[in-house]
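Work through the exercises below with the sequence and the model at hand, and try each task before reading its solution.

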Amino acid sequence: MKIAHIIILCAAASALFACSGAHKSVEAETPAALSEGQQGRAVALPHVCIYRMRADYANLVPITLDGTRTKVVAYPAPTDLNETQKPVPLGNGWYWDRRGVSAGTAFTDFTYEQYADLPEAPSHAELLRHVKDRFPIVELWDCGTQARTTDDLKALIKNGFPGCKKYSLDGI
């Protein structure tokens, strides 16, 4: 039983790190937009992840739960949140992740604005009391590290996500 939990935690952590982190605007990451000093240097790009939710939680703060959905694994500090962290709507219920959504994501009932105004991060117990949905993600795709525009992402969705990896949400 413990081995199954470890495997689930490892899978959730892999998904978290593949699709996590703040995403800068695409235009700032393209070679044409790099300053002269930056051109020729390697620039690490975050993975582009696209997802759909069971309900509209786009303005609610996501946290990451363990495989049993009973323990908090990761959560932002209030100072981590601003407008650039909110997901980008792509139409038909699809969103471009900019916060770190993974298979283990749950959404709290805190809006980004409410959470950012907190003097400190809530305790794990308090975060669990504020979970609105423990299984909010219904579909999650990792589309790699290539810089893309919202139009590129909309085309990927329309064409069935060619070249992207679909995450399994079974058992999570």
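**Exercise 1: a charged residue in a loop**

Arg98 is found in the loop between β5 (94-96) and β6 (105-111), where strands (E, at least two residues) and helices (H or I, at least four) are DSSP runs numbered from the N terminus. This is a predicted model, in which local features need pLDDT of at least 70 and side-chain atom pairs count only at pLDDT 80 or more, while totals for chains, interfaces and linings use all residues. Residues are numbered from 1 along each chain as its sequence is written, and side-chain values use heavy atoms, with hydrogens and water left out.

Task: determine which backbone oxygens lie by the polar atoms of the side chain of Arg98.

Solution. Begin with the surroundings: Arg98 is buried, that is, under 20% relative accessible area with a 1.4 Å probe and protein chains only, whereas exposed means over 50% and partly exposed lies in between. Next, look for a partner of opposite charge (Lys and Arg count as positive, Asp and Glu as negative; His and the chain ends are not counted). Arg98 has no salt bridge, and the nearest side chain of opposite charge, Glu83, is 6.5 Å away; a salt bridge would need a side-chain nitrogen of Lys or Arg within 4 Å of a carboxyl oxygen of Asp or Glu. Finally, turn to the backbone: the oxygen of Glu83 lies 3.0 Å from a polar atom of the Arg98 side chain, and the backbone oxygen of Lys86 lies 2.6 Å from such an atom.

**Exercise 2: the order of a sheet**

Task: work out the order of the four strands in the open sheet.

Solution. Start from β2 (residues 60-65), which is joined to β3 by two bridges and runs antiparallel to it; strands pair if DSSP finds at least two bridges between them. Here Thr64 has Ala74 of β3 as its bridge partner. β2 also pairs with β6 in the antiparallel sense, over four bridges, and Ile63 is matched with Ala106 of β6. β6 in turn pairs with β7 over two antiparallel bridges, with Phe107 bridged to Asp133 of β7. The order is therefore β3-β2-β6-β7, and the edge strands, each pairing on one side only, are β3 (72-74) and β7 (131-133). As for burial, six of the seven residues of β6 are buried.

**Exercise 3: two faces of a helix**

Task: explain why the buried residues of α5 line one face of the helix.

Solution. In α5 (residues 150-158), Leu153, Leu156 and Ile157 are buried. Seen down the axis of α5, these buried residues fall within an arc of 100°, so they line one face; the arc is that of the directions from the helix axis to the C-beta atoms. The face turned away from the buried side carries the exposed residues Asp151 and Lys158.

Methods
Polar contact = N/O pair within 3.5 Å; in protein donor to acceptor, adjacent residues only side chain to side chain.
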